[in-house]
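This report walks through one protein model, beginning with the surroundings of its ligand and then moving on to membrane annotations, cores and single elements. Please keep the structure open while reading.

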Amino acid sequence: MAHFDPFSDQLVVEDGQVDYSFDPFTATDIEFRDKEKELSLMKLQRPRVSLKFEDLSVTAVQKEGCWRKQQQQKQILKNIAGIVYSGQLLAIMGPSGSGKTTLLNLLAGRLSASSNLCGSGSITINGKKRDPGSFKKLSAYVMQDDHMFADLTIEEQISISANLRLPSSISDAEKKRRIEAVISELGLSGVKKSFIGSETKRGVSGGERKRVSIGTELVTDPSLLFLDEPTSGLDAFNAQNVVQTLVRLARNGRAVVMTVHQPRSNIFGLFDMLLLLSEGQIIYFGLAKDALPYFSQLGYECPEHFNPADYFLDLISIDLRSSQLERNSRGRVLYLHRAYNETLFANGGNMIVQDEISPKVEKETSQETDVTNMNKYAYPYWKEFFLLCNRAWKLLIREKGVSLIRAAQTMIFAVLLGLIWLNKGRNVSSSNYVDIEGILFFILINQSFISIFGTIFTFPLERSIVLRERASGMYRVSAYYLSKTLVEIPRSLLFSLFFCVVLYWMVGLRDSARSFFLFLVVIFLTSLTAEGIALTVSAGAPTPQIASAIIPLFLVVSILFGGFFLSNAQIPNYFVWLKYMSFVKYSFGALMHIQFDDFQFQLVDSSCIVCDGNEVLSVSGTTDFSLGGNIGVRQVLQFGLYLLIFLVAHYHNDDLSHISLCGFANKRSKI
Ligand SMILES: Nc1ncnc2c1ncn2[C@@H]1O[C@H](COP(=O)(O)OP(=O)(O)OP(=O)(O)O)[C@@H](O)[C@H]1O
């Protein structure tokens with residue numbers, strides 16, 4: 001028998017197939033209402049929730065002065081209270097800087113935990129204090145900026161989110177159906193095979209991009225959906241389209257909370273609940289349609305044919321054009337805030353008139369749903385790792401431009417260095433062996449810089465996507481880094497091979513297959529270590545700018561203590577440890593052994609001081625480790641680095657990310 005799917009608003013016919021003939025974007029009002037009625041008769045599956053917040057206050061502690069010793073406190077939110085039920089769309093509106101994003105982040109359990117914010121108040125779900133773990137599963141957050149991979153199609157983007165987040169108890173066929181349902185629900189069926197694109201790469205339109213962002217979060221069927229300015233940057237048509245989509249999602253049994261700056265009147269008309277903020281203070285909270293009569297009763301009558309949203313913003317904005325205007329506007333805001341508190345008091349503390357939008361949903365909300373016992377991750381580690389490898393591989397294959405540029409860069413350097421030191425290795429003598437040392441060392445510098453800068457410039461974009469996905473609890477951070485490192489290996493190996501094949505034979509380094517392959521291994525491992533350093537610092541640094549300032553420091557110190565510029569005797573005792581920390585030292589030592597172990601010079605002049613390869617090794621100070629010793633120690637360093645990547649990413653991204661679960665929520669406040 002055909003039935004309506006509560007997840008997607010779609011008609012499921014007998015064989016389990018979804019009937020997409022109902023297009024919400026072209027349906028008439030009557031068709032839409034009929035469908036809503038049908039849906040309201042169904043038993044909805046996802047937990048119904050009410051999100052109640054009381055006395056929310058947030059203070060920012062700012063350090064000022066030369067040594068940042070003086071502390072200044074700035075109150076961002078003051079005693080904010082309200083409630084939103086399943087079935088409703090709550091819009092948080094206010095002028096720029098009024099505290100909308102701070103409030104949304106606070107409600108969503110996401111605040112910059114590394115920040116200086118301190119809060120108090122209470123937030124409850126269905127009357128119970130929220131549990132951070134299950135709240136993450138129950139809710140979804142759509143950020144203002146759409147951080148997504150440009151080289152994935154819409155379908156792939158939504159699929160990876162579904163595959164990583166939906167519980168393993170759901171069958172693959174069911175997951176596929178849900179993905180299709182979300183795509184259809186968001187009106188993206190026609191463009192599902194299109195690449196998402198980015199600012200630099202043509203992709204889908206801004207409105208479609210925003211809907212993909214919403215779809216990425218919607219696959220888990222969250223009961224609570226938070227959106228930070230979902231209409232910003234969109235044209236009027238796309239903005240309305242997105243808000244209509246949100247209304248439909250709300251009507252399907254979700255509580256939707258969004259911030260908005262200055263909506264058009266037709267968008268304003270779509271809001272169920274409205275929370276007006278000015279200077280962190282509440283000016284109005286209640287039904288959006290009651291806002292106009294409320295303000296007119298206070299003596300602020302919105303002129304006819306005027307956009308109510310514009311009118312409210314004019315009323316509650318602080319006018320800084322002159323001190324007189326500022327005084328007047330501050331006085332008005334204070335009056336409106338007090339009037340709100342008085343009205344609230346007169347209403348017995350309850351501003352919300354029970355809403356006729358979703359009586360059924362509200363009834364269900366009151367049945368307390370146990371949402372405290374949900375698993376943190378949907379899958380075992382290996383499955384997550386497999387899915388992430390799959391995505392990373394797809395992206396790598398599609399990064400044709402980057403791969404081509406890196407291949408060209410590798411070949412240009414190989415040919416350039418090869419021409420500069422052409423055939424130098426074919427006639428090594430006591431007078432020119434230093435040239436070979438120089439070539440070997442320069443090759444290491446070159447490979448390290450290429451690998452490091454490749455990562456510094458590409459990783460920051462990916463990092464913001466990873467932070468978003470981690471904040472949504474999609475996967476374990478170690479699974480991500482492991483998959484990324486593993487998938488990069490074939491490409492790095494290929495580039496190292498190109499480089500070595502060209503350079504090794506042009507320079508005429510030691511003529512044996514064993515030496516060539518060992519040389520290749522050392523060059524490849526050096527590139528991996530350099531990439532690892534860049535990845536560790538990028539993952540741990542608060543911003544990409546700080547990362548790109550720290551990384552060269554590591555590299556330059558490693559090069560300086562790498563064994564070529566400073567001899568062992570020249571290194572002061574208190575810096576000897578730096579020599580042993582330098583990955584370049586071990587790579588250089590290994591290359592020297594490959595080239596000079598038991599090597600005989602072609603020309604030996606009678607007055608030579610350094611007369612064969614072994615003497616070169618002892619003069620250059622690279623005898624403290626053998627070839628195997630150098631490779632072994634640098635591998636230990638490499639594994640140490642991987643461990644560091646894991647630890648840095650795990651602790652930094654879990655606890656200090658810009659969008660992690662609010663740190664102070666657990667420690668300093670009762671929220
Ligand atoms: N961590 C912080 N430290 C100091 N001040 C902060 C911090 N976070 C926010 N603020 C300040 O709090 C105020 C409210 O910020 P918020 O971003 O919530 O406003 P908003 O209404 O979302 O603004 P917009 O519409 O411009 O995005 C601003 O004056 C902002 O500078």
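Sorted by class, the shell around the ligand consists of 3 nonpolar, 11 polar and 2 charged residues. The model is a predicted one, and of the 16 residues around the ligand in it, those that come nearest are A60, S96, K100, T101 and T102. Two or more residues of the shell are given by each of the elements β4 (50-64), β5 (70-85) and α2 (100-107), and the largest share, 3 residues, comes from α2.

Strand β4 also holds E54. Is E54 buried, exposed or partly exposed? With 14 C-beta neighbours inside 10 Å, E54 counts as partly exposed, because a residue needs 20 or more such neighbours to be buried and 12 or fewer to be exposed. Leaving aside residues up to four places away in sequence, E54 touches A81, G121 and S122. Although E54 and G121 are 67 residues apart along the chain, their C-alpha atoms are separated by 5.9 Å.

Further along the chain, the unreviewed UniProt entry carries the annotation "transmembrane region" for residues 404-422, 434-459, 489-509, 516-540 and 546-566. Two of these spans are set side by side below, with their helix and strand content in the model and the separation of their end C-alpha atoms.

| Span | Helix | Strand | End C-alpha atoms apart |
|---|---|---|---|
| Residues 404-422 | 89% | 0% | 26 Å |
| Residues 516-540 | 100% | 0% | 36 Å |

The interior can be described through its nonpolar cores. The largest nonpolar core has 83 residues, and A91, V256, V257 and L274 are those with the most contacts inside it. Helix α7 (residues 236-251) gives the most to this core, contributing 6 residues. For L274, when residues up to four places away in sequence are not counted, the residues touched are A91, M93, Y284, G286, A288 and A291. There is also a second, separate core of 62 residues, which includes Y433, F441, A471 and F601.

The last element to consider is helix α20, which comprises residues 583-596. How many residues of α20 are buried? The helix is mostly covered, with 14 of its 14 residues buried. Its 14 residues should span 20 Å at 1.5 Å a residue, and the end C-alpha atoms are indeed 20 Å apart, so the expected span and the model agree. After α20 comes D598, whose phi is positive, near 55°.

Note on methods. Residues numbered from 1 in each chain as written. Predicted model: local features only at pLDDT ≥ 70, side-chain atom pairs only at ≥ 80, totals over all residues. Near = placed C-beta within 6 Å. Helix = DSSP H or I, 4+ residues; strand = E, 2+ residues; numbered from the N terminus. Nonpolar A, V, L, I, M, F, W, Y, C, P; charged D, E, K, R; others polar. UniProt positions renumbered as here; feature names shortened; annotations may be inferred. Core = buried A, V, L, I, M, F, W, Y, C linked by C-beta atoms within 7 Å. Contact = placed C-beta atoms within 7 Å. Expected span 1.5 Å × (residues − 1).
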